[in-house]
Structures are given as C-alpha cells and as structure tokens.
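These are my notebook entries on one structure. I looked up the ligand site, the aromatic pairs and the unusual backbone geometry in turn.

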Amino acid sequence: MKVLKATSGIFEDSFIKSLLSKMTIEEKIGQVNQVGTSIYGGKEEHYEKLVRNGSVGSFLSIKEIEKANKLQKVAVEETRLGIPLLFAEDVVHGFLTTFPIPLAESCTWNSELIRKTAEIAAEEAAAAGIHWTFAPMVDVSRDARWGRVAESFGEDTFLTEEFGAAKVTGFQGNLCNGQLDRNRLIACGKHFAAYSEAEAGRDYNTVDLSSYKLANVYLPPFKRLIDEGVLTIMSSFSLLNGIPATTNKKLLIDILREKLSFSGLLISDWNALQETITHGFSKDYEDAVKKAIDCQLDVDMSSLLYLNTLKELIHRQVINESSLDKAVYRLLSLKVKLGLFENPYRSSPEHYATIINKSKEYRETARQVAEESIVLLKNEELLPLKNTDKVGFTGKYLNDHNSMLDTWACKGSAQEIITVAQAVSEKKNKQYFILEDAYNDFKKDRSFKKETINLISKLDKIVVVLGEKATDSGEAKSKAILGIEQDQLEFTKAISTVNPNIIVALMNGRPMIVSTLLPYAKSLVETWHLGCEAGSAILNILEGKINPSGKLTMTFPRHEGQLPIYYNHHHTGRPYQLEKFNTTRYIDISNEPEFQFGFGLSYTNFSIDNMQVSKLKKNSWQVSIDVANLGDRDGQEVVQLYIGAKFGTYARPVKELRDYRKIKLVAKEKKTLCFQIDRDTFAYYDELFNKLVDAGEYLIMIGNSSQIEQKNMTRIEVEE
Ligand code: GLC
C-alpha cells in the first residue's frame with residue numbers, strides 16, 4: 001500500500017512541494033474539486049470512479065465511517081500518488097448528540113459550554129470519518145425574517161467574535177506540532193462576508209453596505225476566527241456591493257488575504273461559482289473560473305467548474321499553473337495537518353462504536369446547555385411551578401419530535417429527542433395532565449371536548465407549547481410574517497377563556513412577534529429549538545430545578561415593520577421621541593422592541609449598583625459594580641458592560657457591548673465585580689478596516705440587559 005510519509009510543521013512545506021512536483025495537472029485539478037454527494041444522487045459507484053480518476057480531493061456528506069474508509073482505500077491504494085481524501089460535513093450543532101441551535105446556545109452567554117458542545121460534536125463526527133466541518137457560522141444577524149439567524153450567535157459583533165472563537169477552539173482543539181488530534185475537525189468560518197445583510201431578510205438576496213458597516217459589524221468575527229487559527233473560510237452566495245462575494249477581489253484578496261492575513265484555505269459555498277454567472281457577473285464557465293482563481297478561491301464546492309474548465313484555461317495560459325499550485329498546496333496542507341499521509345484512516349467502526357457509548361454522558365451536556373439557553377421573557381407569578389400545582393400540558397409542539405430537529409442535525413434523529421410530553425410522563429407526577437389531543441380537537445372543531453374543558457377549569461396552571469417547526473428556520477427559510485400561527489393563537493385564547501393561568505413555552509429558530517400572544521400568556525419562556533434534551537430542559541426550568549439565566553442575543557421586534565431592529569443602532573440627528581413628530585419614528589407603532597437585546601428574567605431578583613470607576617493610569621480604568629441576589633433562590637446573572645461614544649471620527653452606535661460576566665450567586669449573596677478597561681475597549685474600524693480609537697468622552701454603562709439604569713452610567717475621558 002502506497003503510504004506517503006509526511007510530517008507536519010517545518011517538514012510540511014518540503015513534503016507538499018515535493019508531492020506537488022510529481023502531480024499532473026489533472027491530479028492537481030482533482031484536488032480542488034469538492035463533490036457534494038447529492039449531485040450524484042448518492043450513487044456510491046460514481047464516487048469510487050471519481051476517486052480512481054483522481055477527479056476529487058474532498059467529499060461533502062459522507063457520514064458513515066465504513067463508506068469513508070472504503071473511499072479512502074480507493075484513493076490511497078488505487079491512485080497513482082495515493083493522496084488521501086478529505087471528508088466534510090455541516091456539523092453545526094452536534095453530530096450524533098443534537099445540541100441547541102447556535103442562536104439558542106448564544107443566549108447562555110457561556111463560552112465554555114459553547115466550546116464544549118463543539119468539542120463533543122467534533123469527537124462524534126471525527127469517529128464517523130469526518131475531517132472538516134462547515135462551522136461556525138459567524139454571520140451577525142439583525143433581521144429575524146432571515147431563516148439562518150438560527151445558525152448565528154445573534155445581532156452583536158462582540159458576542160459573535162467570542163462564541164465563534166469558542167467554536168473554533170472546540171472543533172480544532174490546539175494543534176500539536178501542527179497536527180490536529182484525531183478527535184478534532186478542521187473548522188470553517190462562514191459565510192464571508194455579510195451574507196446576513198440580505199435585503200428584506202430574503203436568503204441569497206443582494207447585499208449592499210458601506211465599507212464602514214462591513215468593517216465594524218461583519219468583519220471582526222472573521223478577524224477573530226483567523227486570529228484563533230481557523231483553518232478554512234467559506235465565501236458567501238451573495239452579491240456584495242455589486243460583485244458576487246465568491247469572485248470579489250476586493251473582499252477576498254484586499255481584505256481576507258491582505259488585511260486579515262488569512263493564509264488558510266478558502267472554499268466556495270455550494271455551486272456558488274456557477275451562480276456568479278446567474279448573478280450576471282461572470283460571462284461563462286471560463287470567465288467564472290478565471291475570476292475565482294484570481295481571487296484565490298482554493299476549492300470549488302460542487303459546481304464542477306474547476307474540474308471541467310481549469311485544464312483548458314491552463315493549457316491556453318489564461319491561468320498560470322502556479323495559481324493552481326497555491327490552491328492545491330493549501331488543500332494538501334490540511335491533509336498533512338490531519339496526519340492523513342501517515343494514517344489515512346483516522347477512525348474505524350470499532351472506534352465509532354466506543355463514541356456511540358458515550359451518548360448518555362453527552363446528553364447530559366446537551367441538557368445543561370439547553371437549560372442555560374432558555375430565556376424567561378415574562379413571569380406573572382406562575383413560575384416556577386409549585387409542588388402542589390395541578391398542571392396541564394398541551395399545545396402544537398407538546399410532543400412533536402420532528403419539529404425540534406433542524407436542517408443541520410447531521411446524524412441526530414428526531415426519535416431521540418425528548419419532547420415536553422415525554423419529560424412530563426417520565427415524572428409520573430399525578431398532578432400533571434397531558435392534554436395531547438386538545439390542540440388537534442380545537443384545530444378540527446374550533447372547540448374542546450366537554451371533559452377537556454372540565455379538566456382545564458380545575459387545574460392551577462396550563463403549559464402551552466407553541467412556536468414554529470424547526471424546518472421553518474434555517475437555510476432558504478426566510479419569512480415575512482413572524483407572528484404566532486393563527487391556529488396556535490386562537491387555541492391559546494380559547495384555553496384562557498377556561499383558565500387564564502397560561503404559561504407559554506415557545507419553540508422557534510428566530511425572534512417571533514409575540515405581541516398578540518402576550519395578553520394570554522401570564523408567563524412566557526423562550527425555549528428555541530433545543531435539540532435532544534429539549535423536553536427535560538424545559539420541564540426542569542418550569543419546575544424551578546434550574547433557575548433560568550438565558551439572555552436574548554437577538555432583539556424581539558414588536559412588528560415585522562421594524563426590521564431590521566438591533567440594540568446598537570446609531571443616534572441619528574433626530575433620535576426617537578414618542579411625543580415628537582419630527583424624530584426617527586413610525587406614526588403607527590413605537591420604535592421600542594418587544595424584548596431588548598441582553599434581556600432575560602430569573603426566578604430571583606438581582607440588584608446591580610454602586611458603580612465605581614477608578615483610573616489606574618492613562619487610558620486604563622477599573623470599573624467595579626456590586627451585584628446582589630436579593631431573593632431566596634440561587635441563580636445566575638449576566639452583567640453586561642457597554643460603551644457609548646459622545647462623538648468620534650465616525651458617528652458611533654448609541655451603545656456597544658464590550659464585556660460581560662456570567663456569575664452564580666446563592667440566595668442573598670452579594671459580589672463586587674471588576675472590569676478592566678483600556679484604550680482598546682473603545683477601538684473600532686475605519687472604512688479601510690484600520691483600527692481606530694478616538695480620544696474624547698465616553699459613557700461606561702453596566703446592566704443586566706441593554707436597557708441601563710442611569711445610576712449605572714459613568715462618563716470617562718479617553719486621552720490621545
Ligand atoms: C449550504 C450552505 C452552507 C453549507 C453548504 C454545504 O448551501 O449555505 O452554509 O456549509 O451549503 O452544505
């Protein structure tokens with residue numbers, strides 16, 4: 001068996017160059033072609049033929065270790081140079097163990113948990129033969145109409161940097177001698193760049209924005225991932241300022257390669273190279289490929305344009321072979337980092353079996369993350385449930401496995417999801433009543449059965465599980481209407497006429513319009529799509545076994561007409577004043593959101609006061625704040641630090657999150673928190689993505705949401 005010896009680190013370069021010198025043009029072109037298995041309809045004989053012909057360097061969506069190793073054997077033993085394959089997959093929020101969607105996880109404000117779930121997902125996926133995940137997605141998301149907000153970490157750039165970096169560390173681990181551990185994956189920062197700025201919140205739609213906004217909202221998370229050592233980046237589908245991102249030289253060369261100093265591998269999104277023709281930018285296949293190579297797009301995902309066009313273009317010297325060599329070098333470098341030349345088979349069915357046995361332990365983590373993802377949005381004394389409460393559980397998503405598993409759930413299965421109904425049944429609590437048919441009865445006859453009304457009227461509280469199905473969020477799932485489905489709303493109203501003590505558990509992949517629901521929900525818990533332990537986590541929160549600590553990372557609008565809506569907006573020259581007509585406002589609804597960024601209630605109360613700012617030296621301060629748990633129940637609070645510039649080289653947002661602490665306080669406990677701030681805390685970017693700090697007056701603001709009390713604001717002066 002031809003096994004090419006390669007070691008990573010300093011010998012990597014000489015190994016790769018030596019291998020490159022032996023490769024034919026066809027073999028080089030094969031390496032930069034990524035085959036999405038669905039383009040061949042899952043016909044495995046096709047894949048083997050492609051491998052034998054040297055026409056493929058990596059596959060997308062081979063998820064079984066046996067299939068991966070079988071194809072790897074063909075590559076290593078039946079091709080001239082025996083170059084191993086890479087296997088890629090969208091391991092976004094779990095592989096075997098399905099964790100909460102990233103938008104939910106971001107509401108934990110817990111980087112360690114966010115890293116941990118990526119680490120577990122990497123171990124499970126690597127055991128299945130996968131080498132490369134297309135995650136984390138670090139598209140800052142401000143428009144809930146866009147279905148992919150589910151995959152994001154919300155609307156704040158700073159949090160997206162933090163949590164994206166945690167994912168990269170979880171997926172890739174720390175390279176040892178330039179090599180990834182066998183339980184780790186190559187990560188991919190996506191989608192470069194500003195894909196989430198899709199006009200009107202419609203997926204794949206045009207993106208047109210200022211360099212200033214690109215530099216301050218969308219680029220910093222990619223800079224952070226690159227600083228964190230992310231090995232690959234994916235270009236986005238969108239037209240960006242008139243040129244498709246996938247062949248946008250200003251974006252991919254001036255910014256990504258030069259400004260951000262990214263030297264890793266750039267891959268297109270699915271068929272995005274061909275779509276540059278549909279965009280009306282590339283004239284034809286050859287034009288598209290020429291432009292892509294000029295942009296150092298290293299791998300073509302599933303358009304086959306590189307495979308079918310590159311040889312001719314190099315033959316005619318339209319493209320220089322050295323450009324192809326650069327792309328192939330980057331791909332081979334990934335294979336060296338995975339140790340594939342020494343051991344092309346990183347896993348085996350036996351190893352995979354050992355990982356499957358860990359699923360019970362990993363579900364424990366899934367439940368913990370799910371519990372911390374839940375945000376308590378409203379609570380008029382109904383929660384937590386009391387031991388004496390007689391409680392009914394009903395609603396459209398009470399026992400709907402399929403609705404909780406979203407499009408990037410990999411090998412996670414709907415049947416493995418613990419629903420609310422299952423969690424309630426497992427409690428065997430004689431005071432809990434599952435009214436599973438009530439929703440369907442109501443949908444059919446717009447009324448309840450007599451016995452249902454009887455029971456509901458005798459209960460202390462009713463938990464109604466509502467929301468949107470998981471497949472209504474994610475890619476290609478943009479929505480113009482974000483309100484609660486009419487049937488669900490009428491059902492809730494009808495229940496409230498029999499028993500007004502309604503607790504709504506909302507399951508959704510995006511902020512929804514809940515203004516019509518709120519009058520009928522005395523308590524409202526945002527539970528997102530929480531993955532395999534959804535029901536257990538929700539019930540633990542409702543029963544108060546866990547005190548909710550989640551904080552919104554995306555603003556909840558009052559109406560779709562407010563979109564896009566986000567906390568770190570600009571002042572404008574006529575800031576919003578409800579009573580003044582000529583200010584930036586609507587004449588028909590308030591500007592205010594339903595629930596603001598950073599908001600989330602607890603079963604206990606926290607006080608945040610006694611803010612002190614002490615100057616340590618020039619442009620260096622310590623900010624302290626006292627946080628007390630005033631209640632008789634332990635809990636966690638997220639204390640958030642925002643800055644606000646009075647003026648600057650550019651107008652700055654009204655406030656910007658710059659630091660936070662998530663702290664545990666037992667009942668009646670009080671702690672003093674200290675934040676260190678310095679000149680860098682106030683940094684931002686000019687339109688050329690040069691870092692900038694303006695001397696001048698700033699507000700430092702601290703609170704447990706983006707709504708800050710006057711007493712927790714202090715002015716400071718940043719000096720030149
Ligand atoms: C999809 C998505 C991208 C994903 C890729 C491969 O269209 O845009 O996020 O990684 O194709 O599945």
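Before the first entry I set down a definition: I call a residue buried when its relative accessible area is under 20%. I also record that the model is predicted.

**Entry 1: the ligand site**

I first asked which residues come nearest to the ligand. The ligand has 13 residues around it, and Asp90, Arg148, Lys190, His191 and Asp269 come nearest. I then sorted the shell by residue class and found seven nonpolar residues, one polar and five charged.

Next I looked up polar distances from side chains to oxygen atoms of the ligand. For Arg148, an N or O atom of the side chain is 2.7 Å from a ligand oxygen. For Lys190, I noted 2.8 Å between a polar side-chain atom and an oxygen atom of the ligand. For Asp269, the corresponding entry reads 2.6 Å, again from a polar side-chain atom to a ligand oxygen. On its own the ligand has 310 Å² of accessible area, and the protein covers 92% of it.

**Entry 2: Glu151**

I followed Arg148 to its partner within the protein. The side chains of Arg148 and Glu151 are joined by a polar contact of 2.6 Å. I located Glu151 in the loop between β4 (132-133) and α7 (157-172). Is Glu151 buried or exposed? Its relative accessible area is 2%, so I entered Glu151 as buried. I left aside the neighbours within four places in sequence and listed the other contacts of Glu151: Pro102, Met137, Lys190, Trp408, Gly474 and Glu475.

**Entry 3: aromatic pairs**

I counted 27 aromatic pairs. I took Phe448 and Phe491 as one example: their ring centres are 5.7 Å apart and their planes meet at 70°, so I classed the pair as edge-to-face. This pair links distant parts of the chain, 43 residues apart, with Phe448 in the loop between α17 (436-445) and α18 (450-458) and Phe491 in helix α19 (residues 486-498). I noted that both Phe448 and Phe491 are buried.

How are the rings of Tyr567 and Phe597 arranged? Their centres lie 4.4 Å apart with the planes at 15°, so this pair is stacked. Tyr567 and Phe597 are 30 residues apart, and I placed both in the loop between α20 (534-542) and β17 (606-617). Tyr567 is buried at a relative accessible area of 8%, and Phe597 is buried at 0%. I found these two residues in one aromatic cluster with Trp109, Phe158, Tyr642 and Tyr660.

**Entry 4: backbone geometry**

I wrote down the general expectation beforehand: most residues other than glycine have a negative phi, and most peptide bonds are trans.

I then recorded two cis peptide bonds. One runs from Leu383 to Pro384, with omega near -5°, and Pro384 is in the loop between β11 (375-379) and β12 (391-394). Another joins Leu563 and Pro564, with omega about -5°. Pro564 belongs to the loop between α20 and β17.

I also recorded positive phi values in residues that are not glycine. For Trp109, a member of the cluster in Entry 3, phi is near 50°. Trp109 sits in the loop between α5 (102-106) and α6 (111-127) and is buried at 1% relative accessibility. For Asn619, phi is about 55°. I found Asn619 in the loop between β17 and β18 (620-629), buried with a relative accessible area of 7%.

Notes. Residues numbered from 1 in each chain as written. Predicted model: local features only at pLDDT ≥ 70, side-chain atom pairs only at ≥ 80, totals over all residues. Heavy atoms only, no water. Near = heavy atom within 4 Å. Polar contact = N/O pair within 3.5 Å; in protein donor to acceptor, adjacent residues only side chain to side chain. Areas by Shrake-Rupley, 256 points an atom, 1.4 Å probe, with all protein chains shown as cover. Nonpolar A, V, L, I, M, F, W, Y, C, P; charged D, E, K, R; others polar. Helix = DSSP H or I, 4+ residues; strand = E, 2+ residues; numbered from the N terminus. Buried < 20%, exposed > 50% of the residue type's maximum accessible area, 1.4 Å probe, protein only. Contact = heavy atoms within 4.5 Å. Phe/Tyr/Trp six-rings, centres within 6.5 Å; stacked < 30°, edge-to-face > 60°.
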